[in-house]
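Here are some friendly notes to go with the structure, set out as numbered points. Please keep the model open as you read.

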Amino acid sequence: MDEAPNRRALLAVAALLIGGAVLSSTVFLGGQTARILSTVGSSINNTGAGRGDSGETTDGDTTGSTGSGSDPAVGSANGGQVADAAATVPTLLIVRTGELELKVADLGAALRDGDAAVARAGGYISGSNRTAANGSESAQVTYRIPSAAWSSTLSALRGLASTVVKELVKTEEVTGQVVDLAARIANLRATEAALQAIMAKATKISDVLDVQEQLTATRGDIEKLVADKEHLVDRAAYGSLAVTYRLPVVPSPTATPVPANGWDPGDDVARASGKLVRIGQTTTSIGIWLAIVGLPLAIGGLIVLFVSWQLYRLTRWLIGRRETTLREA
């Protein structure tokens, strides 16, 4: 009779223990998810903190703390990826930029030879401009030259000039920047993989939204850093050289100064005689014009005046006679 109550008591105790274990697991897993999300988010904002002094990443702790919330194999693989990216050191990357001003005898031939020299080296033209003003013709060309052929191509371009007016070359070593960008990209990719693992096992909508927000931000950061890295690598692979071709300036002829002469009576006599001759010529020309053109005009004018005067007198006489006739009547 006592065994039945004891059995029921044991079952009740077992049920309570199971319920408490389930409740504790739920609370524990919820706290773990929130802690994972906060830890992953910090790796996005502080990408440089992912590497320890020994070259290994500390993201292994973050991904490993997910417990049953993520796959341990994924975390170890991502940590190895970050460590490999940080440990891989590329060859020396140097960004080269320069300016070259050349004085050439034939502008067209110099442009053809310069373009051909750059093309043989594996480069290309990124921009050009040709102008002609005030009798001076010039051309500006921007070349992208492979880093390995920079020195030989620069020497070939110098050989086209009769005079090298200006040469300026600048170099910038960007190996450290590329290494840092590569490590930051690898760290963010590991973060992205961890977020994707959490996303796959998240059960709460709030957790899914939080992970999705951080995942979007992480992907944006990855795309920006990849673009920055590719830009640096491209600048290091192809140097930029701005070349100006100019024709020699043709000197303008200078006027020969006229020597100053002293007083010469003969010169004064010659100039006075010439002046008198010109006055006589002008007077004679005026007389000829008056005789040929002026005289007929004068005679015609006198005739017109005479006829006008006679018509005036006739009109006055007719008016006077009419008045006399009117008075007599």
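1. Let us begin inside the sheet. Strands E1 and E5 run parallel to each other and pair over seven bridges. One of the contacts to look at involves Leu100, whose bridge partner in E5 is Val243. Please bear in mind that this is a predicted model.

2. On to the other partner of E1. E1 pairs with E4 too, in the antiparallel sense and over ten bridges. Two positions are handy for checking the register: Glu101 stands opposite Lys166 in E4, and Lys103 stands opposite Thr163 in E4.

3. Now for the whole sheet. It is open, has five strands and mixed pairing, and follows the order E2-E3-E5-E1-E4. At the edges are E2 and E4, the latter covering 163–173, and each of these pairs on one side only. From one strand to the next, the twist averages 10°.

4. How many salt bridges does the structure hold? The count is eight, and one of them brings us back to the sheet: Glu101 bonds to Arg246 as a salt bridge, with 2.9 Å between the closest N and O atoms. Because Glu101 belongs to strand E1 (residues 94–103) and Arg246 to strand E5, this pair ties together parts 145 residues apart in sequence. So Glu101 is worth selecting in your viewer: this residue has a salt bridge to Arg246 and also stands opposite Lys166 in E4, while its own strand and E5 are linked by the pair. As for solvent, Arg246 is partly exposed, at a relative accessible area of 34%.

5. Two further salt bridges deserve a look. Arg130 and Glu137 meet through their side chains at 3.1 Å, N to O. Both ends have some access to solvent: Arg130 is partly exposed at 47% relative accessibility, and Glu137 is partly exposed at 27%.

6. The other one sits in a helix. Lys224 and Asp228 form a salt bridge with an N to O distance of 3.2 Å. They are four residues apart in helix H7 (residues 205–237), so about one helical turn separates them. Is Lys224 buried or exposed? At 52% relative accessibility, Lys224 counts as exposed, since the cut-off for that class is over 50%. Its partner Asp228, at 31%, counts as partly exposed.

7. Next, the aromatic rings. There are two aromatic pairs in the count. In one of them, Tyr124 and Tyr238 have ring centres 5.9 Å apart and planes at 55°, so the pair is tilted. The edge-to-face class would need planes over 60 degrees apart. Tyr124 is in strand E2 (residues 124–133) and Tyr238 in strand E5 (residues 238–246), so the pair ties together parts 114 residues apart in sequence. Neither ring belongs to a buried residue: Tyr124 is partly exposed at 38% relative accessibility, and Tyr238 is partly exposed at 27%.

8. Last, helix H8. With 64 residues (265–328), H8 should span 94 Å at 1.5 Å a residue, and its end C-alpha atoms lie 88 Å apart, which agrees. Where does H8 bend? The bend is at Gly294 and comes to about 40°, with the proline Pro296 following within four residues. If you fit axes to H8 yourself, Gly294 is the place to look for that bend.

Terms used
Residues are numbered from 1 along each chain as its sequence is written. This is a predicted model: local features need pLDDT of at least 70, side-chain atom pairs count only at pLDDT 80 or more; totals for chains, interfaces and linings use all residues. Side-chain values use heavy atoms; hydrogens and water are left out. Rings of Phe, Tyr and Trp (its six-membered ring) pair if their centres lie within 6.5 Å; planes under 30 degrees apart count as stacked, over 60 as edge-to-face and the rest as tilted. Buried means under 20% relative accessible area, exposed over 50%, partly exposed in between (1.4 Å probe, protein chains only). The expected span of a helix is 1.5 Å times one less than its number of residues. The bend at a residue is the angle between axes fitted to the seven residues ending there and the seven starting there. A salt bridge is a side-chain nitrogen of Lys or Arg within 4 Å of a carboxyl oxygen of Asp or Glu. Two strands pair if DSSP finds at least two bridges between them. Axes are lines fitted to C-alpha atoms, for helices over the stretch in contact, and angles run from 0 to 180 degrees between N-to-C directions.
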